[in-house]
Amino acid sequence: MPLSEQEQRMLDEMERHLMQNDADVVSAHAGDRALSYRNLIYGAVLLLAGIGGLIVGVVVGNIGGIIIGVVAFAAMLGGLMLALTPVHRTGARDAAAGTGSKEPSPSFMDRMNDRWDRRHEER
């Protein structure tokens, strides 16, 4: 069922507003700290291992299961903290020290936002 003209206009307006807000969030200054993809991967693996440990703890039961469950919960918590802990950017330190000689390349999200903007300008 096609949208009415009013619904289409509202949808377009909402999309423009959302894209504007997303661009503001993406371009917001994050300081010299950012999430590390390596920490995200290690944290996710540790989180999944903790979930597996909880399942094993439930299956084992008794005192051994409780101990396994507590250790698995600690692993899950550690994995979550590792995944969400920001690390210092090396580029920001180099720029502060004056050793950064060239401008960093745009991030993946910047390139995708530029591509999106160009695609919608053509319409």
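What share of the 123 residues in the protein chain is buried? Buried residues come to 11%, where buried means under 20% relative accessible area, exposed over 50%, and partly exposed in between (1.4 Å probe, protein chains only).

Before you click around: this is a predicted model, where local features need pLDDT of at least 70, side-chain atom pairs count only at pLDDT 80 or more, and totals for chains, interfaces and linings use all residues. Residues are numbered from 1 along each chain as its sequence is written, and side-chain values use heavy atoms, leaving out hydrogens and water.

Start with the cartoon view. You'll find five helices and two strands, which are DSSP runs numbered from the N terminus (helices H or I, at least four residues; strands E, at least two). Along the sequence they read α-β-α-α-β-α-α.

Next, select helix H3, residues 62-84, and look for Ile67. Ile67 is exposed, at 51% relative accessible area. Now add Ile63, Ile66, Val70 and Val71: with Ile67 they make a nonpolar surface patch of about 510 Å². Patch residues have over 30% relative accessible area and no salt bridge (a side-chain nitrogen of Lys or Arg within 4 Å of a carboxyl oxygen of Asp or Glu). Nonpolar side chains (Val, Leu, Ile, Met, Phe, Trp, Tyr) are joined within 5 Å, like charges within 9 Å.

Last stop: helix H5, residues 108-122, home of Arg119. Arg119 is partly exposed, at 44%, and joins Arg111, Arg115 and Arg118 in a positive surface patch. Glu122 lies in H5 too, and it counts as exposed at 68% relative accessibility. Select it with Asp110, Asp114, Asp117 and Glu121 to see a surface patch of negative charge. Lys and Arg count as positive, Asp and Glu as negative; His and the chain ends are not counted. Each charge is placed at NZ of Lys, CZ of Arg, CG of Asp or CD of Glu.

Notes:
Areas by Shrake-Rupley, 256 points an atom, 1.4 Å probe, with all protein chains shown as cover.
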